[in-house]
Amino acid sequence: MFSVAVNYDLKIAHLDIKTAFLHGDLKEVVYMSQPDGFTMAGSEGLVCRLHKAVYGLKQAARSWNQKADKILKEEGFRNVPDEPCVYIKPSEETVTIIALYVDDFYLFYRNEKEKSDLLSALGAVVKVKDLGDAKNCLGMRVERDWKNGILTLHQEEYSNSIQKRFNMENCRGKNTPMEIGVKMFDYEMGHPVTAPYQHLIGSLLYLSTNTRPDISYTVSFLSQFNSIYTSTHWDLAKRVLNYLRQTPRRGLLFEKCKNPSLSLVGYSDADWAGNPTDYKSYTGFCFTLDRNLISWESRKQRVAAQSTAESESIALTEAVKESIFLNEFVNNLFECGTQKINIFSDSESAIKLANSQNYFKARSKHFGCRIQLLRDCVQNDTICLTHIPSIANPADIFTKGLARPNHEKCCKYLKMSEV
């Protein structure tokens with residue numbers, strides 16, 4: 001949505017619903033004991049039947065969502081099938097989009113009348129507060145430069161709060177989140193330690209999934225040890241805080257391109273048998289919309305690949321599944337038609353397997369179902385697989401720890417910089 005807003009000059013407004021859960025209409029029969037301090041004298045044995053939802057009810061969130069859905073649809077908005085919390089209202093001149101998160105409405109619009117009409121419709125039913133231009137979104141800081149056509153997302157405040165929470169606010173900065181060549185057995189020799197390891201990993205996960213894809217691999221790697229961590233794992237986790245200390249305002253940069261076309265491009269990579277304990281590989285992929293990063297993943301593969309071609313094919317399959325979702329989402333949102341997505345990979349063998357029409361051979365028949373998905377998508381013109389040199393593949397950052405030059409090069413490809 002932020003990429004679309006930048007490329008199509010859409011304003012972003014933040015609306016907040018006061019006491020949202022109290023507005024839900026209950027369909028079920030629910031009784032509640034008289035609350036303390038509000039007991040009716042002489043009727044202490046009676047209970048209250050609820051006609052509206054209250055905070056604490058299991059169905060309160062659902063009831064509020066149904067209420068919001070009804071209001072928006074009465075105003076001409078429609079759901080996007082692939083994402084029910086995204087609503088769109090097309091018009092002859094422009095389009096208005098709402099991203100709903102519980103009681104927060106993020107309105108992407110161009111026409112001020114659309115905003116005023118929505119405020120009127122909401123205000124007739126609930127108490128709504130107009131917070132103006134979006135400045136914060138789920139802990140992410142939104143900064144926009146209209147003159148240069150740039151929007152940035154970062155979590156500097158959250159990053160600093162993590163460092164302070166774990167007494168690392170005065171730590172020495174590091175240039176990378178993980179040393180190059182780190183293997184699992186290198187960190188199995190430490191001694192047991194009592195430390196808030198899981199708390200730290202959970203905090204870092206929130207960063208890595210929102211605005212810091214540069215730490216995705218490291219956090220994913222460390223999350224494998226949530227129940228068996230040692231002092232060495234704890235030291236490695238604290239190194240990520242050292243890296244955040246060095247790059248506190250690093251985040252996502254969304255730039256306006258000259259000819260926006262809602263073009264999706266993907267990058268896929270895999271690190272074969274990078275785990276010397278179970279010999280499983282790592283999958284990494286990312287996607288851009290009009291050259292702005294919108295989706296990424298770093299995940300350990302669930303099976304032990306027997307070759308580089310197999311590990312790369314597994315990674316490509318996961319990337320293709322994500323591309324199918326994104327393609328349908330963009331099409332349902334803007335009715336622009338499905339497009340042929342170009343996915344780059346540095347594995348020529350995986351690309352040849354996907355483009356080949358031959359029957360499966362002994363070396364590839366055990367993962368033939370994955371290859372078949374790739375072949376089907378290639379034949380249907382859903383995707384186009386293109387080779388890219390490893391040194392130019394930005395997905396490399398999602399599969400292993402990199403040396404500083406390569407790490408910074410990948411960050412540059414992903415439009416990650418100090419904002």
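Begin by selecting Leu138 in this predicted model, where the residue sits in the loop between strand E9 (136-137) and strand E10 (140-145). Its relative accessibility is 33%, and because the partly exposed class runs between 20% and 50%, Leu138 counts as partly exposed. Keep Leu138 selected and add Tyr101, Val102 and Tyr206, since these residues together form a nonpolar patch on the surface, with about 350 Å² of accessible area between them.

Next, leave the surface patch and select strand E16, residues 341-345. Of its 5 residues, 4 are buried, so the strand is largely enclosed by the rest of the structure. Which strands pair with E16? One is strand E13 (residues 264-271), which pairs with E16 in the parallel sense over 4 bridges; to find a point of this pairing in the viewer, select Val265, whose bridge partner in E16 is Asn342. Another is strand E17 (residues 383-387), which also runs parallel to E16 and pairs with it over 5 bridges; here, select Ser345 and look for its bridge partner in E17, His387.

From the strands, move to helix H8 (residues 308-334) and select Ser323, which lies within it. Is Ser323 buried or exposed? With a relative accessibility of 1%, Ser323 counts as buried. Now display its surroundings: leaving aside residues up to four places away in sequence, Ser323 touches Phe287, Ile341, Ile343 and Ile383. This brings the tour back to the strands, as E16 spans residues 341-345 and E17 spans residues 383-387.

Definitions and conventions:
Residues are numbered from 1 along each chain as its sequence is written. This is a predicted model: local features need pLDDT of at least 70, side-chain atom pairs count only at pLDDT 80 or more; totals for chains, interfaces and linings use all residues. Side-chain values use heavy atoms; hydrogens and water are left out. Buried means under 20% relative accessible area, exposed over 50%, partly exposed in between (1.4 Å probe, protein chains only). Helices (H or I, at least four residues) and strands (E, at least two) are DSSP runs, numbered from the N terminus. Two strands pair if DSSP finds at least two bridges between them. Contact means heavy atoms within 4.5 Å. Patches are made of residues with over 30% relative accessible area and no salt bridge: like charges are joined within 9 Å, nonpolar side chains (Val, Leu, Ile, Met, Phe, Trp, Tyr) within 5 Å. Accessible areas come from the Shrake-Rupley method with a 1.4 Å probe; for residues, only the protein chains shown count as cover. A salt bridge is a side-chain nitrogen of Lys or Arg within 4 Å of a carboxyl oxygen of Asp or Glu.
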